[in-house]
Structure formats: structure tokens, C-alpha cells
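Me: I'm new to reading protein models, and I'd like to take a close look at one single part instead of everything at once. Could you pick up one helix with me, go through its sides and its neighbours, and then show me how it fits into the rest?

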Amino acid sequence: MSAPFRNPAVEAFVSSFGPEKVLAQVLIQRLEIGFELRNVADRNVSQLRIVPVPGLRSLAQVTEAGDFRPLKSAPTLQKGWRAHATTAAELELALNSLYPGAIADWFAVRNSRAHVTNYREFTNRQTGMYRITQMLTDAQASQTISCCCDATFCLKRRCWTVESLMPDAEQEKSEIPCLEPCALLMESARKTVRLEQADKTGQK
Ligand code: SF4
């Protein structure tokens with residue numbers, strides 16, 4: 001019988017911490033068998049509903065108020081639950097449900113294998129409705145990025161930049177890297193250009 005596949009990214013992640021680790025809003029604690037996950041804000045809460053690992057994907061879809069979460073790295077992860085991942089593979093599934101791609105990106109950055117795509121490189125290859133995002137000046141792009149990627153909206157650490165804007169510091173956000181502009185950032189940049197154009201033509 002062949003040995004089960006072991007994901008090197010997950011293995012490295014699991015070896016990177018001791019009894020516990022906080023990843024964005026998730027507290028991961030080692031148990032005798034496996035790991036327990038919960039919202040870090042629930043660290044000292046004893047009455048939490050148990051969510052099976054496969055149920056974390058739907059939990060991450062909505063806020064406590066039931067609103068859709070278009071950005072899984074937004075600091076709006078529900079509280080009041082805990083999940084038990086019995087193996088590293090289950091931990092991978094759990095974290096991929098809460099923060100899709102986070103462990104793979106974390107591993108790539110750690111091994112200096114991550115490809116970071118800065119704003120200009122990313123927007124220069126856009127076609128269709130997002131092509132106009134190339135028109136933002138560095139100052140406008142900087143302002144849009146600073147607003148959209150602020151820690152109050154997103155806990156991913158932005159590794160990419162535009163001229164004159166520093167990448168995010170890990171301690172201000174989390175260890176989850178952001179390697180290129182996301183769809184929400186692009187939509188925000190597109191709207192900024194549209195508003196600029198409307199201002200210039202005097203439209204509302
Ligand atoms: S582009 Fe900004 S808002 Fe989007 S995931 Fe990256 S850091 Fe978060």
C-alpha cells in the first residue's frame with residue numbers, strides 16, 4: 001500500500017508552531033490528537049458549538065449577521081464555534097475553508113518561491129472592464145489600495161505595491177500573504193477611475 005500524500009506546505013506549517021498559533025482570526029491549538037480551531041476572540045469561551053471540519057466552508061461564507069463575506073480574509077469571521085481537525089490533512093481542509101490558499105501562499109513566501117505581482121504589472125495585463133485600472137496615477141492607486149487593503153477590511157498582508165506605497169507589515173495584519181491585487185481591489189480601482197472620469201465630465 002502506498003504512503004498517504006503529505007503536503008509539504010501543511011507539514012511545514014504544522015512544524016512552525018508549538019502549543020498554539022493564531023492565523024488571522026483563527027486560534028489553532030494542539031490537542032493530544034490533532035488540533036482545535038476557534039475564533040481567537042473565543043479563546044476563553046467554554047460553551048462553543050461544535051462545527052465539523054467540512055462545515056467550516058459554509059461558516060466562512062457569512063458573517064454573524066448572515067451577510068455574505070466576499071473576502072474570506074475580512075476580519076468578520078463568525079464567533080461561537082470550534083472545530084476539531086484530527087490530522088494535518090484535516091487541518092489543511094479546515095484552513096483552506098476559512099482562508100483559501102493561505103497555507104500554500106504562506107509556504108511559498110517562506111521558501112522565497114512566491115511570485116508577487118505589483119499593481120502595475122497586474123493591471124497592465126488586464127483587458128475588458130478592468131483595463132481602465134491602468135489609468136490611476138500612483139497617488140490615486142496608493143490611496144485606493146490603502147483604503148481597500150486596510151486591516152479593518154482585510155487581514156492579509158499585502159506583499160505587492162505600487163510606486164511609493166510600502167507593503168504591509170506582518171504585525172499589522174497576519175501571516176497570510178497577499179501576492180497580487182484581488183477582485184475586490186480591482187473593482188475598487190475601477191470605480192475610482194469611473195468617479196474620476198465622471199468628475200471631469202461633470203456627470204453624477
Ligand atoms: S488585494 Fe488587498 S483587500 Fe484584496 S486580498 Fe489582498 S490585501 Fe486583501
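Reply: Happy to! Let's begin with helix H6, where Ala-139 and Gln-143 are exposed on one side, the other side from the buried residues. Keep in mind as we go that this is a predicted model.

Now turn the helix around. H6 runs over residues 138–148, and its buried residues are Ala-141, Ser-142, Thr-144, Ile-145 and Cys-148. Seen around the axis, these buried residues cover an arc of only 170 degrees, which puts them on the same side of H6. So if you colour the buried residues in your viewer, you should find them sharing that one side.

What do the buried residues of H6 pack against? Three elements come up: helix H5 (119–124), strand E6 (157–158) and helix H7 (183–201). Let's follow the last of these.

Two packed helices are described by the angle between their axes and by the distance between those axes. For H6 and H7, the angle is about 135 degrees and the axes lie 10 Å apart. Angles over 145 degrees would count as roughly antiparallel, and those from 65 to 115 as roughly perpendicular. The pair H6 and H7 is therefore oblique. The crossing of H6 past H7 is right-handed. On the H6 side, the contact is made by Gln-140, Thr-144, Ile-145 and Cys-148, while H7 brings Leu-184, Leu-185, Ser-188, Ala-189, Thr-192 and Glu-196. Sorted by class, the residues of this contact are five nonpolar, four polar and one charged. Notice that Thr-144, Ile-145 and Cys-148 are among the buried residues of H6, and they also take part in the contact with H7.

While we are on H7, have a look at Arg-190, which is found in that helix. Is Arg-190 buried or exposed? Its relative accessible area is 17%, so Arg-190 is buried. Apart from its neighbours within four places in sequence, Arg-190 is in contact with Met-129, Tyr-130, Ile-132 and Thr-133.

Another helix pair makes a nice companion to this one. Helix H1 (residues 8–15) packs with helix H4 (residues 102–110) at an angle of about 80 degrees, and their axes are 9 Å apart. H1 and H4 are therefore roughly perpendicular to each other. From H1, the contact uses Pro-8, Ala-9, Val-10, Ala-12 and Phe-13, and from H4 it uses Ile-103, Ala-104, Trp-106 and Phe-107. By class, that gives nine nonpolar residues, with no polar and no charged ones. Compare that with the contact of H6 with H7, where four polar residues and one charged residue take part.

You can practise the one-sided view on helix H3 as well. H3 covers residues 88–98, and its buried residues are Leu-91, Ala-94, Leu-95, Ser-97 and Leu-98. Looking down the axis of H3, these residues fall within an arc of 155 degrees, so they line one face of the helix.

The loops deserve a visit too. Val-116 sits in the loop between H4 and H5, and at 29% relative accessibility it counts as partly exposed. Beyond its neighbours within four places in sequence, Val-116 is in contact with Glu-121, Cys-159, Trp-160 and Leu-179. The C-alpha atoms of Val-116 and Arg-158 are separated by 9.6 Å, although these residues are 42 apart along the chain.

Two other loop residues have a positive phi without being glycine. For Ala-24, phi is near 55 degrees; this residue lies in the loop between strand E1 (20–23) and strand E2 (26–30). Ala-24 counts as buried, at 17% relative accessibility. For Ser-164, phi is near 75 degrees, and its place is in the loop between E6 and strand E7 (177–178). Ser-164 counts as exposed, at 67% relative accessibility.

Finally, step back to the whole chain. It has seven helices and seven strands, in the order α-β-β-β-β-α-β-α-α-α-α-β-β-α along the sequence. The C-alpha trace spans about 65 × 40 × 30 Å along its principal axes. Of the 204 residues, 42% count as buried. Among contacts between residues at least 6 apart in sequence, 57% join residues at least 24 apart.

Definitions and conventions: Residues numbered from 1 in each chain as written. Predicted model: local features only at pLDDT ≥ 70, side-chain atom pairs only at ≥ 80, totals over all residues. Heavy atoms only, no water. Buried < 20%, exposed > 50% of the residue type's maximum accessible area, 1.4 Å probe, protein only. Helix = DSSP H or I, 4+ residues; strand = E, 2+ residues; numbered from the N terminus. Arc of directions from axis to C-beta. Contact = heavy atoms within 4.5 Å. Axes fitted to C-alpha atoms, helices over the stretch in contact; angles between N-to-C directions. Parallel < 35°, antiparallel > 145°, perpendicular 65-115°, else oblique. Left-handed = near helix turned anticlockwise from the far one by under 90°. Nonpolar A, V, L, I, M, F, W, Y, C, P; charged D, E, K, R; others polar.
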